[in-house]
Structure formats: structure tokens, C-alpha cells
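Work through these exercises on pockets and a bound ligand. Keep the model open beside you as you go.

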Amino acid sequence: MPYKFPEKFLWGAASSAFQIEGAWDEDGKGITVADYNSFKRSDKQADTKVASDFYHRWEEDIELMRELGLKAYRFSVSWARIIPDGDGAVNPKGIEFYSKIIDKLLSCGITPFVTLYHFDLPYALVKKYNGWESRECAYAFERYARVCFENFGGRVKYWLIHNEQNLMMRVDERMNITETDTFRKEKIRAQMDYHMFLAHALTVKACHEIVDGGNIACAVSSTVTYPMTNKPEDVWAARLNNLFKTDYCLDMHVYGEYPGYYMRYLQEQNTVPDMRPEDKAILQAAKMDFIALNYYRTLTARAFPEDSEHPKGLRQEGMNEVDYDMYGYWKIEKNTNLTASEYGAQIDPTGLRIVLNDYWQRYRLPLIITENGLGTADTLTEDGKIHDDYRIDYIRQHIKAIGAAIDDGVKMMGYCPWSVVDLLSSHQGFRKRYGLVYINRSDMDLKDLARIPKDSFYWYKHVISTNGEEL
Ligand code: BG6
């Protein structure tokens, strides 16, 4: 039985500014945290200087999107292109660039779905305030968002605020946290997180004030954590991993206050952020219109006791920042029932059905997937093509999971595979590709940057044209 997707389902594809645009300092753009970090690795892999060269080839790329039949394109605006130093003068060239993109998309019948902030804080704000540590950064963000709503809000009705606040907060480099003292570092992190919540709330309000018919949401990094065994303490550990890494963030956006377990944790660690009494009303009044989620994989956890050397709440040293273990709470383990991508992401379409049901039942807000994809090396074969059946298989399984969730009663708005064209991976340069369109370059050789639709492009085109009935 084919799945029944809503008539106006937004079959989309996604990207982000620093990963696709290049032109990192052209036409007045300021340097961002994403540029700064990528330049540290310029001798080993691709950086943000050229990326996919979308800044110069956007017309060709949007023509490909038209050919694909996209209904929506989720992309991000670079804050530092609009306001190069983060809170100073507006750069007319930046406004002009995104205006052209929006007009072109609309002329191709593609709905623009705009993210305001995708890991690329203007670096000037780091120098000035240590970025999100300062409340000033939240106000600067609100002002930047207002500039975008005023200039683009007549044409753009779907907005996303922070991309993956919950995930970026865990990664020191993304937040530009350089403090080495463990306690101080966590205190800064909690304060930054709070200021991003405040910025989110101020931005929701601004969008509803300025954009007629505007819809706005966060884009959360989502996953499911399974218990390693059916021992109650493992079940609870798995639950905690979800609560602490994702759910607290959604709860904060939807209800405007930290859930009890999270506040208790902040109190136990002595990291409760500075919050002003008037913030409560701002946070609680900000009602998002939908939830956007990025989904790549699932995790498995078991209980992880504290001991005399490792107090509760201490992250295990040496663990990667995204999936860290925490003493007294959980330990992440490999799920041997699932296969993993070349880069270790455990592939799990059923997990997507679980997440969608979970969020819908909890928040009753319509959902859109703004990222989902397989990051892997691709080979340009002698016939001049990219035969990426593995990507087709991955996307097909995940679209089926969405179809199943719709059957379960979940209200779905759309689906955007990551990514529309190959782009700079957030950590692995151009070796790790996600695109429906191949970009002919490698990490260290720009070649001709030609655009070559992969087999997955033609397959997805057919899916769109049959509204998901033929997968
Ligand atoms: C998401 C980010 O977390 O994961 C994207 O929003 C990123 O920016 C994607 O590209 C895949 O991660 P990576 O590290 O493989 O690029």
C-alpha cells in the first residue's frame, strides 16, 4: 500500500550558508565562527572560502532545484553577510544577495524556508562579548532577525531560528568556548544556552509582529536513545540521555521554562544562569508555530554510576562532545542491531517514526524534517555519473517512516533531505558528501566545480512528482 502524503506536502532539500556559499569575505561579509574554525584545518581539508561556490552559481543551482521539482528549499542566511560585525551597520550587498535568491526561488515555484543562524556567529561578537555569554548577543540577534523579517518577510513565510541549539551547545568549538577550567566552562555553557533561549523567544515575538502570516520554529537535533537492556535503570538512563540532550530544549521553547530535572541539574552543578525576572513572561509568551527537526541516527545507553573519583554530572573524559557519557546518568553504547554509516551514524528509519510520534504527542505542533541524509564518499564513474543507490535506499527508508508516522496520525508539513548539493561537511570537508547533486571538487583541488545530478536526484524527482506514492 503506498503511503498517503498530504497534498501540500513540502518536498524539499536543505543547505546552510557557511557550508555552501563560499565567498567568505566578498561584498562586505564579516568573518564568522564557522569560517574561523574551518581555517584552522585549511591545510588538511576544504574550508569555507569556496565551499560549493553557491555565492557565484546560485542561479544554476536553483535551476537544478526547479528541475528536481522542489516545493521548498531550506537554506540559511549568514548573519555576518547582513550585519558584518554582528550588531553594527547593515550591509546592503548582503540584503541584495538573499533578495535575489528568494525572488528566484519564488519564480521557480519553490517555497523559501529560511534559517537565521546555522553555526555561523559573526566573529566580531566573540571578540566584543565572548558571543552568547553576553546578554547583548541575544539583543544583537533579535535586531538581526528584525532586519531579515523587514527585508524578506513580505516574501518569506517560513522561518527557523537557531539550527540545533541543543547540539551546538555541546560542542566547544561551535560556541567558541575556550575556557579550560571544568566548572567555569560549564557555567559559561549554561549561560550561553540561556541567552540563546532568550534570543529565540524575542525572535518568535518579532516574527509574529513583523511578518504577516509568518510561521517560525526552532530546528532541533533529534534522536531516540534506546536502553541497552530492559533493566529499569538502563531504561531510565536512555530516557535521561534524551531529556538532557534534546527534550529540555524543546520544552524550553514550547513551555518557556526549564523542566524540573534540568533545573535541579543546573542547581546541583551550581551553573544556574543569570536570568532576569522579566524574562519569564518573554519566554512563556513565545509560541512557535511548528517544530523542525534534523534526524540522522539513534543511540543506545545504559546506566553509568558515579564513583568516588567521578562525581555525578561529570562528563567522561576523552568522549566525543556530541555523544558524551555522564557519570551518575548514562553511558552511550553501540547498538549491534543496527548498521552504521561509514562515519559511524547508526542508521535507523524506525527511530524516525518513534521521534515523530513522540514530538507530535508531546507538543501537538506540526512537524517538518529539515535535515536527514547519508554522509559518505561518492565516486564519479567513467560514465560521468554518480550511482548512489546507498543514498536512495537511505532516503527511501526514511520517507517510508514518515509515511508510517502520517498513518499514525502525526501532522507532517514536509521533508528536506540533507543536502541539496554536496557541501562542506561540518567536520569532514568534502570527503563526506550528502548531496543529491555532485560538486566536482575535492578537499584540496577545486577542479571545475561542475554540478552533476546523482542517481538519487532523479529518483527523488520521481518521488516528488508522484507525491511519495512511488518510492
Ligand atoms: C547537522 C548540521 O547537525 O549535521 C549540518 O546541522 C551538518 O550542518 C550535518 O552538516 C551533518 O554533519 P556533518 O558533520 O557530517 O557535516
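Helices and strands here are DSSP runs, numbered from the N terminus; a helix has at least four residues and a strand at least two. The model is predicted.

**Exercise 1. Describe the largest pocket and find the element that gives the largest share of its lining.**

Solution.
- Step 1: Start with volume. The largest pocket holds about 1100 Å³ of space.
- Step 2: Go to the centre. The pocket is lined by 50 residues, and the closest to its centre are Leu 167, Arg 297, Val 322, Ala 345 and Lys 432.
- Step 3: List the elements. Those that give two or more residues to this lining are helices H8 (165–168) and H11 (232–255), along with strands S5 (215–222), S8 (299–304) and S9 (329–333).
- Step 4: Pick the top contributor. H11 supplies the largest share, four residues.
- Step 5: Sort by class. The lining has 24 polar, 15 nonpolar and eleven charged residues.

**Exercise 2. State which space the ligand takes, then describe its surroundings.**

Solution.
- Step 1: Place the ligand. It takes up the space of the largest pocket.
- Step 2: Name its neighbours. A residue counts if one of its heavy atoms lies within 4 Å of the ligand. The shell has 14 residues, and Gln 19, Glu 164, Ser 426, Lys 432 and Tyr 434 are the closest.
- Step 3: Sort the shell. Seven of its residues are polar, four nonpolar and three charged.
- Step 4: Look for polar contacts. The cut-off is 3.5 Å between N or O atoms. In the side chain of Tyr 434, an N or O atom is 2.5 Å from an oxygen atom of the ligand. For His 118, a polar side-chain atom lies 2.8 Å from a ligand oxygen. For Ser 425, the corresponding distance to a ligand oxygen is 3.2 Å.
- Step 5: Check the cover. On its own, the ligand has 380 Å² of accessible area, and the protein covers 90% of it.

**Exercise 3. Find which helix gives the most to the lining of the second largest pocket.**

Solution.
- Step 1: Take the volume. The second largest pocket contains about 700 Å³ of space.
- Step 2: Go to the centre. Thr 182, Glu 186, Arg 189, Gly 313 and Arg 315 are the closest to it, out of 34 lining residues.
- Step 3: List the helices. H10 (182–210), H11 and H12 (260–269) each supply at least two lining residues.
- Step 4: Choose. H10 gives the most, with seven residues.
- Step 5: Sort by class. This lining has 14 nonpolar, eleven charged and nine polar residues.

How values were computed:
Residues numbered from 1 in each chain as written. Predicted model: local features only at pLDDT ≥ 70, side-chain atom pairs only at ≥ 80, totals over all residues. Heavy atoms only, no water. 1 Å grid on protein atoms, 1.4 Å probe; cavity = no way out; pocket = protein on both sides within 12 Å on 5 of 7 lines; lining within 4 Å. Points joined across faces, edges and corners; volume = space filled by probe spheres on them. Nonpolar A, V, L, I, M, F, W, Y, C, P; charged D, E, K, R; others polar. Polar contact = N/O pair within 3.5 Å; in protein donor to acceptor, adjacent residues only side chain to side chain. Areas by Shrake-Rupley, 256 points an atom, 1.4 Å probe, with all protein chains shown as cover. Sits in = over half its atoms within 2 Å of the grid points.
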